[in-house]
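Please explain how this chain is put together, going from its strands to its core and then to a few individual side chains.

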Amino acid sequence: MRKYLIPLAASAAFLSASQAYGAQTSANFQARISISTSCTVSATSLDFGPVGIINGGETATSAVNVNCSSGTLFDLSFDPVLTVTAYNGTMVNGPEDVAYSAALSLTGGTGGAGSGLGGSFNLTIDGLLPVQVSPPSGIYTDNRVLYVNF
């Protein structure tokens, strides 16, 4: 019986010690966050893959994701100042080149291709090879930038 009295006595001592306070005070505090207008953009490569002879009509697609804070109006562009949503480009390998065209295409969200109002948007860059003389084999590239203005 005594072995049960020791833990019970220790518990009673703890409870009486915690109730020994004679006064209490408090302080108010505020939790805050400041959300700034922000957007992020990412894009995969526009890869036409291996092509032996360019017949014209070969296509490629790049996946684009734009994520902006709620209520943020944005425009996507291939130009830093203007709203350019399509262009004709050239992929090069030394002195040789391959012509192509690319255009933004909206696949989710609101607004026209290349624009929206907050949230997450999925777009594509659709690429097309025109009829042209096939250059020598090799890897042809063109480095481009996709801008989000908000």
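**Strands, core and selected contacts**

Strand 1 and strand 2 pair in the antiparallel sense, with five bridges between them. Within this pairing, Val41 has Val66 in strand 2 as its bridge partner. The model is a predicted one, and the description below follows its chain outward from this pair of strands.

The chain contains one helix and six strands. Read from the N terminus, the order of the elements is α-β-β-β-β-β-β. Strand 2 also pairs with strand 6: the two run antiparallel and are joined by three bridges. Here Leu76 stands opposite Val148 in strand 6. Strand 2 thus has pairings with strand 1 and with strand 6.

Strand 3 and strand 4 form another antiparallel pair, with eight bridges. Asn93 has Glu96 in strand 4 as its bridge partner. The hairpin made by strand 3 and strand 4 has two residues between the strands, and in it Gly94 adopts a positive phi near 65°.

The chain has one disulfide. It is formed by Cys39 and Cys68, whose sulfur atoms are 2.0 Å apart. The bond ties together distant parts of the chain, since Cys39 belongs to strand 1 (residues 39-43) and Cys68 to strand 2 (residues 59-77), with 29 residues separating them. Strand 1 and strand 2 are therefore linked by this disulfide as well as by their antiparallel bridges. The torsion about the S-S bond of Cys39 and Cys68 is about 115°, so the disulfide is right-handed. Both Cys39 and Cys68 are buried.

What lies in the interior besides the disulfide? In soluble globular proteins, nonpolar side chains tend to be buried together. In this model the largest nonpolar core has 23 residues, and Val66, Phe74 and Leu76 have the most contacts inside it. At least two residues of this core come from each of strand 2, strand 3 (86-93), strand 4 (96-106) and strand 5 (115-128). Strand 2 gives the most, with six residues.

Val66 shows how these parts meet. Leaving out residues up to four places away in sequence, Val66 touches Thr40, Val41, Phe74, Leu76, Gly119, Ser120, Phe121, Leu123 and Val148. Among these neighbours are Val41, which is its bridge partner, and Phe74 and Leu76, which share with Val66 the most contacts inside the core.

Polar side chains are found in the strands too. Ser62 is in strand 2. Is Ser62 buried or exposed? Its relative accessible area is 1%, so Ser62 is buried. The side chain of Ser62 reaches the backbone oxygen of Thr44 at 2.4 Å. Beyond the neighbours within four places in sequence, Ser62 is in contact with Ala43, Thr44, Ser45, Leu46, Leu123, Thr124 and Ile125.

One of those contacts, Thr124, is located in strand 5. Thr124 has a relative accessible area of 15% and is therefore buried. Its side chain and that of Asp126 are joined by a polar contact of 3.2 Å.

Ser134 offers an example from outside the strands. This residue is in the loop between strand 5 and strand 6 (147-149). Because its relative accessibility is 27%, Ser134 counts as partly exposed. Which residues does Ser134 contact, leaving aside neighbours within four places in sequence? They are Gly52, Ile53 and Ile54. Ser134 and Gly52 are 82 residues apart along the chain, while their C-alpha atoms are separated by 7.9 Å. A polar atom of the Ser134 side chain lies 2.6 Å from the backbone nitrogen of Ile54.

Some totals complete the description. Of contacts between residues at least 6 apart in sequence, 68% join residues at least 24 apart. The contact of Ser134 with Gly52, across 82 residues of chain, is one of that kind. Of the 150 residues, 25% count as buried. The accessible surface of the chain comes to about 10500 Å², and carbon and sulfur atoms account for 56% of it.

Technical notes: Residues numbered from 1 in each chain as written. Predicted model: local features only at pLDDT ≥ 70, side-chain atom pairs only at ≥ 80, totals over all residues. Heavy atoms only, no water. Disulfide = S-S within 2.5 Å. Helix = DSSP H or I, 4+ residues; strand = E, 2+ residues; numbered from the N terminus. Buried < 20%, exposed > 50% of the residue type's maximum accessible area, 1.4 Å probe, protein only. Core = buried A, V, L, I, M, F, W, Y, C linked by side-chain atoms within 4.5 Å. Contact = heavy atoms within 4.5 Å. Polar contact = N/O pair within 3.5 Å; in protein donor to acceptor, adjacent residues only side chain to side chain. Areas by Shrake-Rupley, 256 points an atom, 1.4 Å probe, with all protein chains shown as cover. Pairing = 2+ DSSP bridges.
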